[in-house]
Amino acid sequence: MGSALKPYTAIADLAGFLLEDSYVLDIHATPGQLDFRTDFVLTPEHGAYRGPRSGEQHDYRRGCLSFLQVTHLTWAEQGLPPAVDARGEKDYGTFDSFEWADHRYVVVGSFGSIDVRAGIVRAQLADEAS
């Protein structure tokens, strides 16, 4: 690839998200698209930030991290089965790392290691869905 990988924080659409503390609830790959259904942690820099709810450490918001116009996807070390919380929801853990360069994205967590080439990366909160 030639270029050094950069942190996800250098992607404008991911400004205001703290992925290291965000929970992956589901992963769905289809031809041309990869989606992570996520309980995102928002930082005060995010326009929708409201602050943590009572009893929570962060401002958690449901949403989706999507890779669009996918031309290549490799999913290795698919990790452990998801944990199931008290409400019966699956939890694949948090994002351990997310780095990128030149439309190549490497996302690692308990779910394994995903190396994807995509034209667009988009993070969208559920209440913003169109």
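Colleague: In this predicted model, what is the strand order of the open sheet of five strands?

Modeller: The five strands of this open sheet pair in an antiparallel manner. Its edge strands, β1 (6-7) and β5 (72-76), each pair on one side only. Read from one edge to the other, the order is β1-β8-β9-β10-β5.

Colleague: Which residue in β10 stands opposite Ala 76?

Modeller: Strands β5 and β10 (residues 112-117) run antiparallel and are joined by five bridges. Within β10, the residue opposite Ala 76 is Ser 113.

Colleague: Which strand supplies the largest share of the largest nonpolar core?

Modeller: This core has 27 residues, and Leu 14, Phe 36, Leu 65, Phe 67, Phe 98, Tyr 105 and Phe 111 touch the most other members. Several strands supply at least two residues each, among them β2 (23-30), β4 (59-68) and β11 (120-125). The largest share, four residues, comes from β3.

Colleague: How many residues apart in sequence are the parts tied together by the pair of Phe 36 and Phe 67?

Modeller: The structure holds 11 aromatic pairs. Phe 36 and Phe 67 form an edge-to-face pair, with 6.1 Å centre to centre and 65° between the planes. Because Phe 36 lies in strand β3 and Phe 67 in strand β4, the pair ties together parts whose separation in sequence is 31 residues.

Colleague: Is Phe 36 buried or exposed?

Modeller: The cut-off for burial is under 20% relative accessible area. Phe 36 has 0% relative accessibility and therefore counts as buried.

Colleague: Which residue lies over the face of Trp 100?

Modeller: Ring pairs link Trp 100 into a cluster that includes Tyr 8, Phe 95 and Phe 98. At 4.0 Å from the ring centre of Trp 100, over its face, lies Lys 6.

Technical notes
Residues are numbered from 1 along each chain as its sequence is written. This is a predicted model: local features need pLDDT of at least 70, side-chain atom pairs count only at pLDDT 80 or more; totals for chains, interfaces and linings use all residues. Side-chain values use heavy atoms; hydrogens and water are left out. Two strands pair if DSSP finds at least two bridges between them. A nonpolar core is a set of buried Ala, Val, Leu, Ile, Met, Phe, Trp, Tyr and Cys residues joined through side-chain atoms within 4.5 Å. Buried means under 20% relative accessible area, exposed over 50%, partly exposed in between (1.4 Å probe, protein chains only). Rings of Phe, Tyr and Trp (its six-membered ring) pair if their centres lie within 6.5 Å; planes under 30 degrees apart count as stacked, over 60 as edge-to-face and the rest as tilted. A charge sits over a ring if NZ of Lys or CZ of Arg is within 6 Å of the ring centre and within 35 degrees of the ring normal.
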